[in-house]
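Hi,

Here is the structure I promised to pass on to you. Have a look at it first, and then read on for my notes.

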Amino acid sequence: QRTGDSLGVIPDPIVGPVIDFIDAARPLVSTLGTLALPNATFYRPVVTQHPTVGFQGAAGGPADEKSELDSQKMVISRLTVNAKTLGGYVNVSRQAIDFSSPSALDLVVNGLSQQYAIETEALVGTALNTTNTAAVSYGSNPTADTVAAAIWEAVGTVYTAVKGMGKLVIAISPDVLGAFGPLFAPVNPQNAQSAGFEAGRFAQGVMGNISGIPVVMSAGLGAGDAFLFSTAAIEAFEQRVGTLQVVEPSVFGLQVAYAGYFSTLVVNDDAIVPLVGS
């Protein structure tokens, strides 16, 4: 007697969790942090002209007493933020819910939330790509020195734009980390620009640092994308609605959705500097 003769008593086991190759981390969103999203449209105040202070008269000496001081009004403009709605839904039969193990409903909800995370991370990557700031090149055949030199040049540009406000971050796509990583080996890194990167830790998030600036790898960036920016230059707003469910009695099913509101705002374009390899 073989197994084919005993199919009625041989179960079909499901072993282990569902295999699903997806990375729903949001390293750029986490780096920026999210601010409250209070309305569909709202505004962020920004100073576009500062008052001035200078010498009284031509040289500020005694002869200039009673001469008129400098005067310039302070102009406070506002930037508009429009909320974007992101979401998706799936119709699930009651049978699929009741007879599945692991739960089909849980898998669907988790899948929707993961896709929401991926899309919102990509929105931050898209916002970084809107900059018109002149790119800084680290060379078509980069070395540790050319990469570090490009970073220091970009740091100067960012400081000029935001006067040291915020934290400096280097954001790069997976393929750029593949180019930078071998230049900064984690082997005896004394007197080096970086403590080095380890290929075994290749994942989304902070992978290490160059010249003291954290290097954040994000799959939300496109191929070849690399930026040095200040967190004061870009903001993210979010109101996560989460899971919504509606019973469909007529078809004996359940409609489940996952949604949220998300938006990005580039506060200072000049403080987002592209790093390019050409």
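Below is what turned up, taken topic by topic.

Please keep in mind that this is a predicted model.

Let me begin with the largest pocket, which has a volume of about 540 Å³. Its lining is made up of 21 residues, and the closest to the centre are Val 46, Val 162, Ala 232, Val 267 and Asn 268. Two or more lining residues come from each of β2 (41-49), α4 (144-162) and β10 (234-248). Strand β2 gives the largest share, with four residues. If you sort the lining by character, you get 13 nonpolar residues, six polar ones and two charged ones.

Next, the aromatic rings. The count comes to four aromatic pairs, and I picked out two for you. In one of them, Phe 42 and Phe 237 have ring centres 5.1 Å apart and planes at 75 degrees; an angle over 60 counts as edge-to-face, so that is what this pair is. Phe 42 belongs to strand β2 and Phe 237 to strand β10, so the pair ties together parts that lie 195 residues apart in sequence. Both of these phenylalanines, Phe 42 and Phe 237, are buried. β2 and β10 are also among the elements that give two or more residues to the lining of the largest pocket.

Another edge-to-face pair is formed by Tyr 138 and Phe 180, with 5.0 Å from centre to centre and 80 degrees between the planes. Here Tyr 138 sits in the loop between β5 (136-137) and α4, while Phe 180 is in helix α5, so the pair links parts 42 residues apart in sequence. Is Tyr 138 buried or exposed? Its relative accessibility is 9%, and since buried means under 20%, Tyr 138 counts as buried. Phe 180 is buried too, at 1%.

Tyr 138 also leads us to Leu 275, a residue of strand β12 (residues 272-276). The two are 137 residues apart in sequence, yet their C-alpha atoms are 6.9 Å apart in space. Leu 275 is buried, at 2% relative accessibility. Leaving aside residues up to four places away in sequence, Leu 275 touches Val 136, Tyr 138, Ala 150, Ile 151, Ala 154, Ile 170, Gly 224, Ala 226, Phe 227 and Leu 228.

Gly 224 turns up again in the surroundings of Ser 173. Ser 173 is in the loop between β6 (168-172) and α5 (174-180), and with a relative accessible area of 0% it is buried. Its side chain makes a polar contact of 2.4 Å with the side chain of Asp 175. Beyond four places in sequence, the residues touched by Ser 173 are Met 217, Ser 218, Leu 221, Gly 222, Ala 223, Gly 224 and Asp 225.

Finally, some backbone details that you may like to check on screen. Ser 101 and Pro 102 are joined by a cis peptide bond, with omega about 5 degrees; Pro 102 is in the loop between α2 (94-98) and α3 (104-128). Lys 66, which is not a glycine, has a positive phi near 75 degrees. Lys 66 is in the loop between β2 and β3 (75-82) and is exposed, with a relative accessible area of 82%. Lys 163 likewise has a positive phi, about 55 degrees, without being a glycine. Lys 163 is in the loop between α4 and β6, and at 54% relative accessible area it is exposed.

Happy browsing, and best wishes!

Technical notes
Residues are numbered from 1 along each chain as its sequence is written. This is a predicted model: local features need pLDDT of at least 70, side-chain atom pairs count only at pLDDT 80 or more; totals for chains, interfaces and linings use all residues. Side-chain values use heavy atoms; hydrogens and water are left out. Buried means under 20% relative accessible area, exposed over 50%, partly exposed in between (1.4 Å probe, protein chains only). A polar contact is a pair of N or O atoms within 3.5 Å; within protein, one must be able to donate a hydrogen and the other to accept it, and residues adjacent in sequence count only if both atoms are side-chain atoms. Contact means heavy atoms within 4.5 Å. On a 1 Å grid over the protein atoms alone, a cavity is a set of points where a 1.4 Å probe fits but cannot get out, and a pocket is an open set with protein on both sides within 12 Å along at least five of seven lines; lining residues have an atom within 4 Å of a point. Grid points are joined across faces, edges and corners, and a volume is the space filled by probe spheres set on the points. Ala, Val, Leu, Ile, Met, Phe, Trp, Tyr, Cys and Pro count as nonpolar, Asp, Glu, Lys and Arg as charged, and the others, Gly among them, as polar. Rings of Phe, Tyr and Trp (its six-membered ring) pair if their centres lie within 6.5 Å; planes under 30 degrees apart count as stacked, over 60 as edge-to-face and the rest as tilted.
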